[in-house]
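The following paragraphs lead the reader through a single protein chain, from its overall composition to individual residues. The sequence and the structure are shown first.

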Amino acid sequence: MTEREIFQSALDYDDPTEQQAYLDQACGADSELRRRVDSLLESHMAATDFLNTPAVDRMKWETHADPAPTVDLSKPDFSFLQPSSKPDSLGTLGNYEILEAIGQGAFGIVFKAFDPKLHRIVAIKVMNPELATTSPPRKRFLREARTAAAVTHENIVAIHAVEEEPIPYLVMEYIAGPTLGSRMDGSGPLDVKDILKIGQQVAAGLAAAHSVNLIHRDIKPSNILLTEGTVEKAKISDFGLARAVDDASMTQSGMIAGTPMYMAPEQARGETLDHRADLFSLGSVLYQMASGRPPFRAPTTIAVLKRVCEDTPRSLDDVIPETPAWLQTIIFRLLEKNRDDRFQTAQE
């Protein structure tokens, strides 16, 4: 059997122990074959977290020194698109005119598209064609897309449709503005007025998600989009890591899902989560808005996780002396290591 055949068969095992036993048997003493199969499985794990990657951040085409062996990023596969008579279109997907690709990675492709029925611009996330042929990632994509579509709120990016054919994709509200992360990259710390406005709107979006028993698990500046116009509005994107609270723990492979610099201590330790993990992440985002830097920085992922679990961030007074004491109190209460010591709800 080739490494691709072994990889495809391994995906049929839901239990990690059974999967490892199968790999031991299939690869035998061929360590090079096992290394290649393990590499495919690692790439698969990254790819199946497709939904958690910011979709409308005007992402540059990704390049990797060692790209996933299942995907050639230099040759995007648009074969699932149908021809279009429109001169400014790359093709059609369902009823949508595909205008341009705005992001790509091992996980899939993000398009800017036009909805001719409702005459509006939308963002479309398309699953990588090769991954879409395998059952586990396809089912996970559809499950998580439908989970995200269940949450409706003005401070959450709306999902208009979830489709399975000719390839799994979801149709989302298109936000032309920047992410909070890119805005801070350009301006540094934000004014107190902007911190309060954005923070309140993110909390309102989280309260809506938590009210239907969902947690986001990856609140960070790049997952907060800012609309353009006279009245700026914050919108939470990418509920791809969301799970029902009853199922919110480590991923099946034993890998911790989320972004280490913003995750809660209980998330870093791989414990079962509840909605208060999102509140810790909100505290980390507020800290960065106030100071211009994340609260838990370190040179390696392990060092970041250690800081998240053990260290208290530097006082905001030391970073930005004019930070109001009451704002610092709010932020550091959200950043309490023990979730019982934090604010207990996003509504609060």
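The secondary structure of this chain consists of 12 helices and 10 strands. The model is a predicted one, and every value below is computed from it. The chain has 348 residues, of which 52% are buried. Its exposed surface comes to about 16,200 Å², and carbon and sulfur atoms supply 50% of that area. Among contacts with a separation of 6 or more, 61% are between residues 24 or more positions apart.

The interior is a suitable place to begin. The largest nonpolar core holds 82 residues, and those that touch the most other members are L93, I124, L180, M289 and I331. Helix α9, which spans residues 276-291, contributes the largest share of this core, with 9 residues. A second core, separate from this one, has 11 residues, including I6, Y22, C27 and V37. To return to L93, which residues does it touch once those up to four places away in sequence are set aside? They are F80, L81, I98, I124, V126, P166, I167 and Y169. I124 thus appears both among the partners of L93 and among the core residues that touch the most other members.

L180, another of those core residues, leads to helix α6. This helix runs over residues 180-187, and its buried residues are L180, G181 and M184. Seen down the axis of α6, these residues fall within an arc of 100 degrees, and they therefore line one face of the helix. An α-helix has 3.6 residues a turn, so residues three or four places apart point the same way. On the face of α6 turned away from the buried side are the exposed residues D185 and G186. The buried residues of α6 pack against α7 (192-211), β8 (224-226) and α9. After α6 comes G188, whose phi is positive, near 75 degrees.

The loop between β7 (214-215) and β8 contains K220. Is this lysine buried or exposed? K220 has a relative accessibility of 12% and therefore counts as buried, since the limit for a buried residue is under 20% relative accessible area. Apart from neighbours within four places in sequence, K220 is in contact with T259, Y262 and V285.

Aromatic rings offer a further route through the structure. A search of the whole structure finds 4 aromatic pairs. One of them joins F78 and F111 in an edge-to-face arrangement, with 5.4 Å from centre to centre and 65 degrees between the planes. F78 lies in the loop between α3 (31-47) and β1 (91-93), whereas F111 belongs to strand β3 (residues 108-115), so the pair ties together parts that are 33 residues apart in sequence. The two partners can also be described by their accessibility: F78 is partly exposed, with a relative accessible area of 25%, while F111 counts as buried at 0% relative accessibility. A stacked pair is formed by F280 and F296, whose ring centres are 5.9 Å apart and whose planes differ by 15 degrees. Because F280 lies in helix α9 and F296 in the loop between α9 and α10 (301-310), this pair ties together parts that are 16 residues apart in sequence. Both F280 and F296 are buried. F78 and F111 also belong, with F80, to one aromatic cluster. F80 is one of the residues that L93 touches. A charged residue meets a ring elsewhere: R333 lies over the face of F343, at 4.1 Å from the ring centre.

The walk ends with helices α2 and α3. L33 is found in helix α3, and it is buried, with a relative accessible area of 9%. Where does the chain bring a sequence-distant residue to L33? T2 is 31 residues away along the chain, yet the C-alpha atoms of L33 and T2 are separated by 8.2 Å. Setting aside neighbours within four places in sequence, L33 is in contact with T2, E3, I6, A26 and C27. Of these partners, I6 and C27 are among the residues of the second core. D24 is found in helix α2, which covers residues 16-27. D24 is partly exposed, at 47% relative accessible area. D24 and R34 are 10 residues apart in sequence, and the distance between their C-alpha atoms is 8.2 Å.

Notes: Residues numbered from 1 in each chain as written. Predicted model: local features only at pLDDT ≥ 70, side-chain atom pairs only at ≥ 80, totals over all residues. Heavy atoms only, no water. Core = buried A, V, L, I, M, F, W, Y, C linked by side-chain atoms within 4.5 Å. Buried < 20%, exposed > 50% of the residue type's maximum accessible area, 1.4 Å probe, protein only. Helix = DSSP H or I, 4+ residues; strand = E, 2+ residues; numbered from the N terminus. Contact = heavy atoms within 4.5 Å. Phe/Tyr/Trp six-rings, centres within 6.5 Å; stacked < 30°, edge-to-face > 60°. Lys NZ or Arg CZ within 6 Å of the ring centre and 35° of its normal. Areas by Shrake-Rupley, 256 points an atom, 1.4 Å probe, with all protein chains shown as cover. Arc of directions from axis to C-beta.
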